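Reader: I am new to this structure and would like a close look at a single part of it. Please take one helix, and then show me the chain around it.

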Amino acid sequence: MSPVQSILRSALTAKFEVPGSAIVPEASLESLGLDSLSLAELALILQEELGVKVEEHETAGSTTVGELSRVLLAKCATATAGAQ
Amino acid sequence: MRLRVSNELGSAAAVLQGLGGWVPPRVVTNEELPASWGVDDAWVRRRTGIGTRHWADADTSTGDAAERAARLALASARTPRVDAVIVATSTPDRPMPATAPQLASRLGLEGVAAWDVSAACSGFVYGLAAAAGVICAGIAERVLLVAADVYSTLIAPEDRSAGVVFADGAGAVVLRRGLSGEPGGVLGFDLGSDGTGHHLIEVAGGGALERARPRAYRPADRYFRMDGREVFQHAVTRMTESSRLLLKNVGWTAAHVDRLVAHQANARILSAVGERLDIPADRCVNHVERVGNTGAASIPLALADAAAREDLRAGQRVLITAFGAGLTWGSAALLWPELDRIAPVHDTGTSAGRSL
């Protein structure tokens with residue numbers, strides 16, 4: 001598991017009390033029990049932890065864990081490349 | 001440019017002398033919310049942490065609520081006289097004139113300086129800064145600051161999201177000229193704004209823009225609207241950053257803070273700010289559960305309720321922080337003073353609540 005995926009998993013389990021077994025790539029954030037304020041807080045936590053801007057549509061209720069992971073990995077890769 | 005002020009010990013400072021809070025008698029439980037909103041107690045509590053709120057009746061204006069809180073604060077301060085009256089509100093009784101001069105007259109304070117502060121839910125902290133400013137400049141010896149909002153008048157009838165959260169109330173403080181470092185002395189401020197976020201929380205209509213171009217506006221523009229998601233992130237980030245800056249400026253760490261009194265917007269914002277500041281939940285004052293979000297009034301109401309329950313005690317280090325439309329935010333720090341017993345906020349049926 002990449003550091004980005006680990007941070008996402010950790011936020012979902014520790015902050016939003018999502019069971020680890022439910023965090024599978026095809027699960028939508030909504031199906032994991034996150035309401036609109038939880039989605040806002042998840043985006044804020046990811047921004048704080050990863051140092052990248054997370055847009056509203058990237059943490060929508062219908063966004064899946066797999067989609068969000070890919071978006072975050074791409075953002076972090078771009079941020080790292082930009083910093084070099 | 002942000003405004004940061006930290007008083008030198010022994011210099012002039014605004015000192016808290018009196019405190020009062022008032023909410024309308026009508027308690028609205030989650031079960032009593034309009035059926036058309038389709039919400040139940042569990043949904044509202046989970047989403048907002050709110051169990052009850054108070055809504056004013058049609059005969060209770062912002063000025064009326066302000067007067068109730070003001071009288072309680074003046075009684076607590078044991079003084080009928082102040083040199084200035086400041087009202088912080090987003091729901092003034094009318095666009096002009098300000099609410100404060102009429103309040104001063106109703107209180108028998110003829111001739112004193114009186115003006116309103118418009119900084120939405122940050123209004124109490126901005127008003128506190130205005131009060132401290134006129135006190136430290138030698139313009140006034142004593143100031144009455146009242147934060148009052150009747151938000152129930154500003155929420156569209158069909159707006160469930162805002163309707164479950166926003167409510168009515170007023171809180172007031174009396175500040176006197178004293179010395180920084182003495183109990184009750186405000187030790188410093190951090191104030192800031194970001195006008196590029198003006199559209200995130202707004203009442204778009206009802207002002208000069210609408211009067212100039214009436215056809216560009218709809219009746220719904222007279223009501224409050226908010227981008228909840230963006231506001232959540234800004235509120236948490238701004239209150240956390242402002243608090244950190246102020247703590248550094250006054251020489252405190254999070255461990256020094258005995259009570260964090262943040263703008264009572266929503267229980268989830270309160271816990272998110274407390275977690276980021278590393279201040280445990282038992283040191284974070286929660287009043288939103290009983291009164292909802294009362295706008296500018298939320299902080300003085302929370303102070304009055306905590307003081308009445310003796311959860312706030314002399315000598316405690318208190319950090320207050322607020323965020324609101326504008327966007328605006330601000331924080332202040334003080335050592336809690338010895339005050340006369342504060343009237344219970346929720347005892348509205350007693351003589352204290354009906355002393356007009």
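**A helix and its chain**

Author: In this predicted model, helix H3 of chain B runs over residues 99-106, and its buried residues include B:Thr99, B:Ala100, B:Leu103 and B:Ala104. They lie on the same side of H3(B), because the arc they cover around the axis is only 130 degrees. The general pattern is that an α-helix has 3.6 residues a turn, so residues three or four places apart point the same way.

What do the buried residues of H3(B) pack against? Their partners, also in chain B, are helix H2 (62-77) and three strands: E5 (84-88), E6 (113-117) and E7 (142-150). Just after H3(B) comes B:Gly108, whose phi is positive, at about 80 degrees.

A strand elsewhere in chain B can be read in a similar way. Strand E12 of chain B, residues 259-262, is covered on both faces. On one side B:Arg259 and B:Val261 are buried, and on the other B:Leu260 and B:Ala262 are buried. As a general matter, side chains in a regular strand alternate between the two faces of the sheet. E12(B) pairs with strand E13 of chain B (residues 317-324) in the parallel sense, over four bridges. In this pairing, B:Thr321 of E13(B) stands opposite B:Ala262.

Now the chain as a whole. Chain B contains 10 helices and 14 strands. Its radius of gyration is 19 Å, close to the 21 Å from the globule rule for 356 residues, so chain B is as compact as a globular protein of that length. The C-alpha trace of chain B spans about 55 × 45 × 45 Å along its principal axes. Of its 356 residues, 52% count as buried. Among contacts in chain B with a separation of 6 or more, 79% are between residues 24 or more positions apart.

Chain B also touches chain A: eight residues of chain B are in contact with nine residues of chain A. On the chain B side, helix H7 (228-250) and helix H8 (267-277) each supply at least two residues. H7(B) gives the largest share, five residues. By character, the residues on this side of chain B are three nonpolar, two polar and three charged.

As for confidence, the average pLDDT of chain B is 94, and 95% of the residues score at least 70. Residues 350-356 of chain B stay under 50, and the model has 10 contacts beyond four places in sequence for them. For the complex, the predictor gives an ipTM of 0.85 and a pTM of 0.92.

How values were computed:
Residues numbered from 1 in each chain as written. Chains lettered and ligands numbered in written order. Buried ≥ 20, exposed ≤ 12 C-beta atoms within 10 Å, placed from the backbone. Pairing = 2+ DSSP bridges. Contact = placed C-beta atoms within 7 Å. Nonpolar A, V, L, I, M, F, W, Y, C, P; charged D, E, K, R; others polar. Rg over C-alpha atoms; globule rule 2.2 N^0.38 Å. pLDDT = per-residue confidence, 0-100. Arc of directions from axis to C-beta.
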